[in-house]
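Please open the structure in your viewer and keep the selection tool at hand. The tour below proceeds from one selection to the next.

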Amino acid sequence: MTLQSTTLRVRGLLIAALCAASFSAHADLRILACEPEWGQLATEIGGDLVTVKTASAPGQDAHHIQARPSLLAQVRRADMVLCTGAGLETGWLPVLLNRGGNPDVRQAPGLFMAAEQVDRLEIPVTLDRADGDVHAMGNPHVHMDPRRVITISQQLAERFATLDPDHADRYRQQQQAWQAALEPRVDAWEKQAASLKGLKVISYHRTWAYLLDWLEMTRVDELEPKPGLPPTPGHLASLVDKAGKEQVGLILYQPINGDKAPNWLASRTAACAVELPFSPGEEGTDTLTSLYDTLIQRLTHALQACEGGKA
Ligand SMILES: [Zn+2]
């Protein structure tokens, strides 16, 4: 064997090895999820076939995120950008996608909008800027209803299958296994939440609309005078009357809202304030399943404690 043919052989082997390495790297679908709930769902459905990064931290306000350079780099490398959609990220996602320089994720199939896969509540009849930060496509916070999340997980598995057809069967199997584990829990949660049925609440933002819809609770009003605007003294004063007339039982808020306005209202009415998580990864939750668990536990315990008499 001549020296030259040996060099060629070695070079050939090297190229083969490099191809194998880049192929196995491509076997991973790289997902950039806008919010932790979708990052968590992608991990459940994709398993070890996906690598998931998340653009916002648990408990962060996903209406407002900075399009920082590290996020742009993640957009550039992503095979899929997975967001809530329905207008939730209008303040920052278009900028991120425009500057990210990755045409694959600027539209389907590389762009997947979870809330747009299901029916949405609160689609406004008319649109008026004077009404505040209203979501024109309806309430985007759909991950609060596990039944809708099951529908989204089916669509997501199909989308993974489109982007990575070699593993289509595995995505479908993993989705079916996840759904089969969740469905009996949904039944159990509905039984556990029976005491909440018909309960009237005031919530800080329209955060839990889908949870309330699922568990048949009624939201009488919000602490925000208009979506996205902080509570004003005048609006809070009007809620004291309303909470009394409507016999509101609980006042719901997220850690990012702060407890000042909820506690102020609770101190002037028969209702009790309860802090609730919004996304998996917040205290007491790490998966979507434990998020629903925690939400229902906190609500039922708060109602029980409140009916037992306020301190
Ligand atoms: Zn919102």
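Begin by selecting A86: with a relative accessible area of 0%, this residue is buried, because a residue counts as buried under 20%. The model in view is a predicted one. Although A86 is not a glycine, its phi is positive, at about 50 degrees. The residue belongs to the loop that lies between strand 3 and helix 4.

**Strand 3 and its neighbours**

Step back from that loop and select strand 3, residues 80-83. Are its two faces covered or open? Both are covered: M80 and L82 are buried on one side, and V81 and C83 are buried on the other.

Next, add strand 1, residues 29-33, to the selection. Strands 1 and 3 pair in the parallel sense, with three bridges between them. To find the register, display L32, which stands opposite V81 of strand 3.

Now add strand 4, residues 111-113. Strand 4 also pairs with strand 3 in the parallel sense, again over three bridges. Here the residue to display is F112 of strand 4, the bridge partner of L82. To follow the connection, trace the chain from strand 3 through helix 4 (residues 93-100) to strand 4; this β-α-β crossover is right-handed.

Before leaving this region, select A108 and P109. Which form does the peptide bond from A108 to P109 take? The bond is cis, and its omega is near 5 degrees. P109 lies in the loop between helix 4 and strand 4.

**R148 in helix 5**

Select helix 5, residues 146-163, and within it R148. The relative accessibility of R148 is 13%, so this arginine counts as buried. Which residues does R148 touch, leaving aside those up to four places away in sequence? Display V118, D119, L121 and V142, together with Y210 and D213: these are its contacts.

**Helix 8 and the residue after it**

Move on to helix 8, residues 233-246. With 14 residues at 1.5 Å a residue, helix 8 should span 20 Å, and the distance between its end C-alpha atoms is 20 Å, so the two values agree. Colour H235, L236, L239 and A243, the buried residues of this helix. To see what they pack against, show strand 5 (200-203), strand 6 (218-222) and helix 9 (260-267).

Directly after helix 8 comes Q247. Like the alanine at the start of the tour, Q247 is not a glycine and has a positive phi, here about 55 degrees. Q247 is situated in the loop between helix 8 and strand 7 (250-253). Is Q247 buried or exposed? Its relative accessibility is 67%, so Q247 counts as exposed. A86, by contrast, is buried.

**An enclosed space**

The last stop concerns empty space within the model. How many cavities of 30 Å³ or more does a search of the whole structure find? The search finds two. For the second largest cavity, the volume is about 30 Å³. Its lining can be displayed by selecting E35, P36 and E37, then S56, A57, G59, Q60 and A62, and finally F278 and S279.

Conventions
Residues are numbered from 1 along each chain as its sequence is written. This is a predicted model: local features need pLDDT of at least 70, side-chain atom pairs count only at pLDDT 80 or more; totals for chains, interfaces and linings use all residues. Side-chain values use heavy atoms; hydrogens and water are left out. Buried means under 20% relative accessible area, exposed over 50%, partly exposed in between (1.4 Å probe, protein chains only). Helices (H or I, at least four residues) and strands (E, at least two) are DSSP runs, numbered from the N terminus. Two strands pair if DSSP finds at least two bridges between them. A crossover is right-handed if, with the strands pointing away from the viewer, the path from the first strand over the helix to the second runs clockwise. The expected span of a helix is 1.5 Å times one less than its number of residues. Contact means heavy atoms within 4.5 Å. On a 1 Å grid over the protein atoms alone, a cavity is a set of points where a 1.4 Å probe fits but cannot get out, and a pocket is an open set with protein on both sides within 12 Å along at least five of seven lines; lining residues have an atom within 4 Å of a point. Grid points are joined across faces, edges and corners, and a volume is the space filled by probe spheres set on the points.
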